[in-house]
Amino acid sequence: MTGVLGFSFQKAKIRYSLLVEEDGNLTLASKGKIDYDADLELPNLADRWSLSLNEILDETKPNLLAALQVYDSDTLDTAKFQIMPLTSLANIAFNRNLKLQLYTGQSLRSGKPFGLDPKTRPINEVDNIFGSHPPYWDDFQRKSVLVAWRAYREA
Amino acid sequence: MIFQPGQIINNLKIERYTGSGAFGEVYEATDLVMNRHCAVKFVPNQNPNQFDAHKEGQFLHLCRHSRVVEVYDVHPLSYAGQAYAAIEMEFFPEGSAEAYLERSYVTARQAIRWCIDILFSLEHSHANGVLHRDIKPGNIMISNGTAKLSDFGLATVVPQGGIGSGAGTPLYAAPELHLNNETTIATDIYSVGMTLFELINNIRVWRDSLLISTVIFNGSLIKKLGYHEIIPKKIQRICNIACNKNASKRYASARLMRKSLEAIKIDLNWELVGNDKWKSIKGSKRHQIEIEERKSKFETVYKVNERRDNSLCFVFSNKNDARKKLYEIINQTLVK
């Protein structure tokens, strides 16, 4: 059984989704969000990210990690809440000897890497393939599914 | 006090007595072999062959987590004809949350953050099949703004069926523990709820009359005391769920309670800095609110970076009304 845990980061929240392959079927096994106090000072934020991410990995026990990578930071919030948490995740991946696959938003726009028609927007297909899972089932959450899906296909 | 400062027992040099935990005295000490500053709890061992006194060290090891006090070693030793398990642990110069509360105001952000930390540790302990059974501010150690759970002296392995025998500190113990002498995950949750209640309300001293009162035994202490006026409903609700008289209506796990606390977004983290004088710093803005008395009038004065915000300043003819308004403003600005 393969479990791929995908992440997307936003201010005060980290979204995650676990895709599990069993007997050739890939399904969304669980999803969730980590809420944190965005007003904490950076060292405390880093500690909180590490604590929460470790807890999610303990619970879901994935074989592979994937995350949305933001490379153009035009605001402090982007740097602080979308880029820096990724460093915590990367450190955890290293300590646990887990591979971490990173994808930019750009690389998730074509359907081709997902085995779809190249002109199909993969994010629009998430609900068709993995179902709809409210609450907080929005594009932030779908992106955490997307990165896990693509990492699974490339594994 | 069994040991004196300067005394050397095996490889441990006693620095000072710091207090008593469940079943033993705790000292600040130095491990002379490792050249390590530490805390040591000396637990009298009635039957060294059964290793009973070592259990606390074993539980600490089993529940190792960044929010659980680290155990370095357990030294079996004898002193004056008595066998001890000397549990060598991480030392915390800042002391416990209880000690912090005695000397400083605990803000809502601190109280919530510490309880989130403790719920992380509790979630981990429960996942390892261990009930702590004595969660209270005195057993929460503070270090660099974070909290760690200590004193597993009353901890027990969760038996089949999830019900352990009774143990704990009465004030923080759930009604079913008083009634049936049983401990479960739900009784640990209740203790965290009582801890949150104490911290969030900055209760430094409990009235002696309460400690023997039936309100403790029937789980209605929070209802009897009520919350400080500044505490918003969102926070009260979490405390009330955790301390529900009915165990089945409490959070089913430490994780669920933690998630509720994590969803609380503190806006202005108010701190009491003097008589009827509060401050909160958010980014580059310093918010202050206080009561000013002039010509037998009382005014709640709200300032941001020393400039009055007249939309939040009000004049009253008596101090109680002014204070009520002050609390109302804090209540409405504390969380988003």
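The radius of gyration is taken over C-alpha atoms, and the rule for a globule is 2.2 Å times the number of residues to the power 0.38. The legends below describe a predicted model.

**View 1. The overall dimensions of chain A agree with those of a compact globule.** Because a compact globule of 155 residues would have a radius of gyration near 15 Å, the value of 15 Å for chain A agrees with that expectation. Along its principal axes, the C-alpha trace of chain A spans about 45 × 35 × 30 Å. Of the 155 residues in chain A, 50% are buried, and among the contacts in chain A with a separation of 6 or more, 61% are between residues 24 or more positions apart.

**View 2. The fold of chain A is built from helices and strands.** Chain A contains 4 helices and 5 strands, and a reader who follows the chain from the N terminus on meets these elements in the order β-β-β-α-β-α-β-α-α.

**View 3. Chain B is divided into domains.** Domain 1 covers residues 8–89, domain 2 covers residues 97–262, and domain 3 covers residues 271–334 of chain B. The centres of domain 1 and domain 3 of chain B, taken over C-alpha atoms, are separated by 49 Å. The secondary structure of chain B comprises 11 helices and 18 strands.

**View 4. The overall dimensions of chain B also agree with the globule rule.** For 336 residues, a compact globule would have a radius of gyration near 20 Å, and the 22 Å of chain B agrees with this. The C-alpha trace of chain B spans about 75 × 45 × 35 Å along its principal axes. In chain B, 54% of the 336 residues count as buried, while residues 24 or more positions apart account for 55% of the contacts with a separation of 6 or more.

**View 5. Helix 1 of chain A packs with helix 10 of chain B.** Two packed helices are described by the angle between their axes and the distance between the axes. Here helix 1 of chain A, residues 42–60, and helix 10 of chain B, residues 254–262, pack at an angle of about 145°, with their axes 14 Å apart. Helix 1 of chain A passes helix 10 of chain B in a left-handed crossing. On the side of chain A, the contact is made by A:Ser52, A:Glu55, A:Ile56 and A:Glu59, and on the side of chain B by B:Arg255, B:Arg258 and B:Glu262. The residues of this contact divide into 1 nonpolar, 1 polar and 5 charged.

Conventions: Residues numbered from 1 in each chain as written. Chains lettered and ligands numbered in written order. Predicted model: local features only at pLDDT ≥ 70, side-chain atom pairs only at ≥ 80, totals over all residues. Heavy atoms only, no water. Axes fitted to C-alpha atoms, helices over the stretch in contact; angles between N-to-C directions. Helix = DSSP H or I, 4+ residues; strand = E, 2+ residues; numbered from the N terminus. Left-handed = near helix turned anticlockwise from the far one by under 90°. Contact = heavy atoms within 4.5 Å. Nonpolar A, V, L, I, M, F, W, Y, C, P; charged D, E, K, R; others polar. Domains from an automatic or database assignment. Buried < 20%, exposed > 50% of the residue type's maximum accessible area, 1.4 Å probe, protein only.
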